[in-house]
Amino acid sequence: MLCQKCQKKNATVKIVKNHNGNITEEYLCKDCAGTVDLKFKDFSADGIFDNFFSLLSPAPGGNPHCKGCDTTFLEFKKTGKLGCVHCFETFSPYLDKTLKNYHGASVHTGKIPKRSGEGIKIKKEMDSLKAELQKAVYEERYEDAAGLRDKIRKLEGQE
């Protein structure tokens, strides 16, 4: 499809406008889309992350930095990029709430690779069984708890 503005290049951007319930769609090339007056003009992934990480609440007590790579919280908030493995540990108190609000959880709950994911599946199942076990013990359902304990031991043998 050709750009609806210049009629020369292929349209690569779809712009949907909603003005008082009146919805219009425009198909534009990247050049023409850059000239459109929009609230959010940045079509790059970096722009999306800039907006996402700007939602992070400020770190209480100053600007903490990672001991591993010396990245500061403000640098992370600006770029959305962690510098090293230790950054996640350093900034996790500030990330957990934002990740939970955005994804519904602060741990990965997505797909598991078929080839190398067997260990992950076993660990997830064990975590689930352990939670059920605790609930069964709390509710004094000891027969159920014994069955869950046996399932956990069997899975531990598979690891």
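Here a student and a tutor talk through the terms used for this predicted model.

Student: Before we start, what should I know about the model and its numbering?
Tutor: Residues are numbered from 1 along each chain as its sequence is written, and side-chain values use heavy atoms, with hydrogens and water left out. The model is predicted, so local features need pLDDT of at least 70 and side-chain atom pairs count only at pLDDT 80 or more, while totals for chains, interfaces and linings use all residues.

Student: How many helices and strands does the chain have, and what makes a stretch count as one?
Tutor: There are 6 helices and 2 strands. Helices (H or I, at least four residues) and strands (E, at least two) are DSSP runs, numbered from the N terminus. Starting from that end, the order is β-β-α-α-α-α-α-α.

Student: Why is threonine 71 called buried?
Tutor: Buried means under 20% relative accessible area, exposed means over 50%, and partly exposed is in between (1.4 Å probe, protein chains only). Threonine 71 has 12%, so it counts as buried. Its place is the loop between α2 (45-53) and α3 (73-79).

Student: What does threonine 71 touch, and what makes something a touch?
Tutor: Contact means heavy atoms within 4.5 Å. Leaving out residues up to four places away in sequence, threonine 71 touches Pro64, His65, Cys66, Phe76, Gly83, Cys87 and Phe91.

Student: Asparagine 63 is in that loop too, right? Buried or exposed, or in between?
Tutor: Yes, asparagine 63 sits in the loop between α2 and α3. Its relative accessible area is 33%, so "partly exposed" is the label. Not counting residues up to four places away in sequence, asparagine 63 touches Thr72, Phe73 and Leu74. Its C-alpha atom is also 9.4 Å from that of glutamate 75, 12 residues apart along the chain.

Student: Okay, now helix α1. How do you know that lysine 30 is exposed?
Tutor: Lysine 30 comes out at 62% relative accessible area, so it earns the label exposed. You'll find lysine 30 in helix α1 (residues 30-35). It touches Thr12 and Val13, if residues up to four places away in sequence are skipped.

Student: And what about alanine 33, buried or exposed?
Tutor: Alanine 33 has a relative accessible area of 0%, so it is buried. Alanine 33 is in helix α1 as well. Between the C-alpha atoms of alanine 33 and cysteine 3 there are 9.4 Å, with their places 30 residues apart in sequence. For lysine 30 and cysteine 3, 27 residues apart along the chain, the C-alpha separation is 9.0 Å.

Student: What share of the whole chain is buried?
Tutor: Of its 159 residues, 22% count as buried.

Student: What makes a group of residues a nonpolar core?
Tutor: The group has to be a set of buried Ala, Val, Leu, Ile, Met, Phe, Trp, Tyr and Cys residues joined through side-chain atoms within 4.5 Å. The largest one here has 8 residues: Ile122, Met126, Leu129, Ala136, Ala145, Leu148, Ile152 and Leu155. Helices α5 (118-138) and α6 (142-158) each supply at least two residues of this core. One member, leucine 129, touches Leu148, Lys151, Ile152 and Leu155, not counting residues up to four places away in sequence. In soluble globular proteins, nonpolar side chains tend to be buried together.

Student: Why are α5 and α6 called roughly antiparallel?
Tutor: Axes are lines fitted to C-alpha atoms, for helices over the stretch in contact, and angles run from 0 to 180 degrees between N-to-C directions. Angles under 35 degrees count as roughly parallel, over 145 as roughly antiparallel, 65 to 115 as roughly perpendicular and the rest as oblique. The axes of α5 and α6 cross at roughly 160° and come within 9 Å. The two helices are therefore roughly antiparallel to each other. Residues making the contact include Glu125 and Leu133 of α5 and Tyr142 and Arg149 of α6.

Student: What sits in the loop between α5 and α6?
Tutor: Glutamate 140 has its place there. At 56% relative accessibility, glutamate 140 counts as exposed. Its phi is positive, about 60°, although it is not a glycine.

Student: Which label does glutamine 7 get for its accessibility?
Tutor: Glutamine 7 is at 48%, so it counts as partly exposed. It is found in the segment before β1 (13-19), and its phi is near 60°, a positive value in a residue other than glycine.
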